[in-house]
Amino acid sequence: WGEHVYFETSATIITLIVAGKLVEVIARGRTSEAIRKLMDLRAKTARVLRDGVERDIPIEEVVAGDRVIVRPGEKIPVDGLVLSGNSTIDESMITGESLPVDKQIGDSVIGATINKQGLLTVEATKIGRESALAQIIKLVERAQSSKAPIQKLADQISNIFVPIVLAIALSTFVIWMLTGATFAQSMLRLTAVLLISCPCAMGLATPLAVMVGMGRGAENGILFRNSEALQQAGGLTAVVLDKTGTITKGELTLTDFVVSKTATLAESGLLRLAGSAEKGSEHPIGAAIVAAAQNQNLTLVSPTGYQAIAGHGIRATIDNQAVLLGNLRLMQREKVHLNGLEPEIERLQQEAKTAMWLAVDGKAQAALAVADTVKASSREAIGKEVGLDRVFAEVLPAEKAEKVKQLQAEGYTVAMVGDGINDAPALAQADVGMAIGTGTDVAIESADVTLMRGDLRSVSTAIKLSKVTMRNIKQNLFWAFFYNILLIPVAAGALALVNGAPAFLQELHPIMAAL
């Protein structure tokens with residue numbers, strides 16, 4: 001190294017530190033790429049219909065209630081409701097769902113998504129800061145700036161580590177002065193210890209990993225409220241799932257239609273009678289039967305003599321045939337011959353389905369069942385029809401939170417996944433509350449994680465993302481500490497006592513320490 005030129009040393013060290021800060025700024029900029037991508041999604045203009053005239057205006061001038069015209073291939077500029085038209089919408093940039101979503105009159109649409117096919121007229125409902133995209137950007141920014149518990153631990157360790165390093169540096173100076181080294185040699189070793197132990201890596205280890213994790217989550221339609229939620233998701237030991245709307249579709253479907261062996265009509269004929277009897281019914285069960293008949297392109301007729309019998313079922317006349325559709329009490333009251341369908345009804349009830357009898361002219365002809373069917377994505381996420389460890393039935397909203405408390409008392413770290421207002425107390429009680437993005441605003445506000453897709457596969461994705469992020473943080477912290485602990489003795493001059501050690505390690509120059 002030649003003579004120690006201290007001006008050169010200080011200049012080089014400052015240059016290296018500034019270069020390190022530049023690398024940090026670049027790294028932080030890259031981790032914020034997800035937010036920039038979200039901001040770039042925003043539309044710049046909107047085509048609105050005012051006073052019967054279409055005009056293009058800046059997006060900032062759109063107000064709630066404006067009618068926005070969206071042509072095929074265009075970006076939907078605002079959140080709103082479809083007033084006219086049918087189309088498929090690419091929502092992948094918001095929800096992470098690759099398949100286009102069908103939209104028709106009355107459906108809601110999200111600003112920044114792409115209209116794939118038809119011409120739509122949309123009434124603007126949420127604009128500016130109230131839009132879904134703006135809320136997502138705000139949530140991601142807030143989450144990325146929050147500190148995870150493990151980051152606070154790293155800060156606490158740094159608070160202890162720095163005084164220890166200062167003590168080691170001063171001890172190094174004193175020891176070398178006492179052993180006959182010059183002031184300059186002792187000062188260089190002190191400086192080398194301070195530089196090599198600078199905990200810059202520890203300051204970056206956690207926040208960069210958190211920002212990357214948050215960004216990856218946003219790209220996949222998973223929004224963490226804060227860093228604590230990101231950390232806790234990886235340590236979950238129990239996941240509680242609300243059934244309706246979360247595991248299931250929230251819509252009744254005709255699942256079974258079992259025809260009696262002695263029936264006088266074929267299945268299609270009987271389904272036509274059942275559908276006709278329920279035609280015009282506003283009851284969800286009736287709507288499910290009508291939808292099943294229509295799906296088979298059966299021609300339904302309007303019933304005569306229609307009568308709804310509370311708690312029992314319905315009575316109607318179709319094509320001069322007396323039709324009864326209801327429960328066992330109705331069949332017994334009307335003295336209907338059951339035709340051996342009792343075992344089928346019992347089987348359907350054991351499968352937790354709503355079972356009914358269909359009788360024509362005083363004889364039972366078929367057993368029907370409707371149920372809230374499991375989403376295809378739920379089957380894939382948690383097993384076939386559905387693989388669960390425990391089932392809590394007929395649980396009231398307040399009791400859901402109690403069930404979560406019960407599991408926590410048993411030692412579980414609990415996640416609650418829900419979508420409705422009635423899930424809000426349980427979402428708040430859980431260690432990690434996960435709200436389905438298709439659910440209510442109250443549920444989303446109560447949750448730690450928002451899943452933009454109504455898809456349980458996002459739950460496992462969120463947990464995996466948390467585990468990967470925490471593993472990266474721990475690896476970063478380990479190498480940061482390992483590096484400092486290993487090289488501090490070298491900077492202090494421990495290798496000066498080892499014969500044959502390289503000269504530059506026997507007296508480590510501050511420039512090398514700064515590297």
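A residue counts as partly exposed when its relative accessible area falls between the buried range, under 20%, and the exposed range, over 50%. Keep those limits in mind for the close-ups below, which come from a predicted model.

**View A. Phenylalanine 478 and tryptophan 479 form an aromatic pair.** The pair is edge-to-face, with 5.2 Å centre to centre and 75° between the planes. Phenylalanine 478 has 48% relative accessibility, so this residue counts as partly exposed. Tryptophan 479, at 53%, counts as exposed because the limit for that class is over 50%.

**View B. Phe478 and Trp479 also belong to a nonpolar surface patch.** Phe482 and Leu486 join them there, and the patch covers about 460 Å². To place it along the chain, look for leucine 486 in helix α18, which spans residues 457–492.

**View C. Phenylalanine 173 and phenylalanine 183 make another of the two aromatic pairs in the structure.** Here the ring centres are 5.6 Å apart and the planes meet at 85°, so this pair is edge-to-face. Phenylalanine 173 sits in helix α5 (residues 149–178) and phenylalanine 183 in helix α6 (residues 183–196), so the contact links distant parts of the chain, ten residues apart. How accessible is phenylalanine 173? Its relative accessibility is 17%, and since buried means under 20%, phenylalanine 173 counts as buried.

**View D. A charged group meets an aromatic ring at arginine 189 and tryptophan 176.** The charged end of arginine 189 sits over the ring of tryptophan 176, at 3.9 Å from the ring centre.

**View E. Three strands make an open sheet in the order β6-β5-β8.** The pairing is antiparallel. Why do β6 (101–103) and β8 (114–115) each have one side without a neighbour in the sheet? Both stand at the edges with a single partner strand, so one side of each is left free of a neighbour there. Strand β5 (residues 87–90) is joined to β6 by three bridges. For a residue to follow, take isoleucine 89, whose bridge partner in β6 is valine 101.

**View F. Strand β3 (residues 67–70) pairs with strand β1 (residues 45–50) and with strand β9 (residues 120–126).** β1 and β3 run antiparallel and are joined by two bridges; leucine 49 has arginine 67 of β3 as its bridge partner. The pairing of β3 with β9 is antiparallel as well, over four bridges. Within it, isoleucine 69 is partnered by threonine 121 of β9.

Technical notes
Residues are numbered from 1 along each chain as its sequence is written. This is a predicted model: local features need pLDDT of at least 70, side-chain atom pairs count only at pLDDT 80 or more; totals for chains, interfaces and linings use all residues. Side-chain values use heavy atoms; hydrogens and water are left out. Rings of Phe, Tyr and Trp (its six-membered ring) pair if their centres lie within 6.5 Å; planes under 30 degrees apart count as stacked, over 60 as edge-to-face and the rest as tilted. Buried means under 20% relative accessible area, exposed over 50%, partly exposed in between (1.4 Å probe, protein chains only). A charge sits over a ring if NZ of Lys or CZ of Arg is within 6 Å of the ring centre and within 35 degrees of the ring normal. Patches are made of residues with over 30% relative accessible area and no salt bridge: like charges are joined within 9 Å, nonpolar side chains (Val, Leu, Ile, Met, Phe, Trp, Tyr) within 5 Å. Accessible areas come from the Shrake-Rupley method with a 1.4 Å probe; for residues, only the protein chains shown count as cover. A salt bridge is a side-chain nitrogen of Lys or Arg within 4 Å of a carboxyl oxygen of Asp or Glu. Two strands pair if DSSP finds at least two bridges between them.
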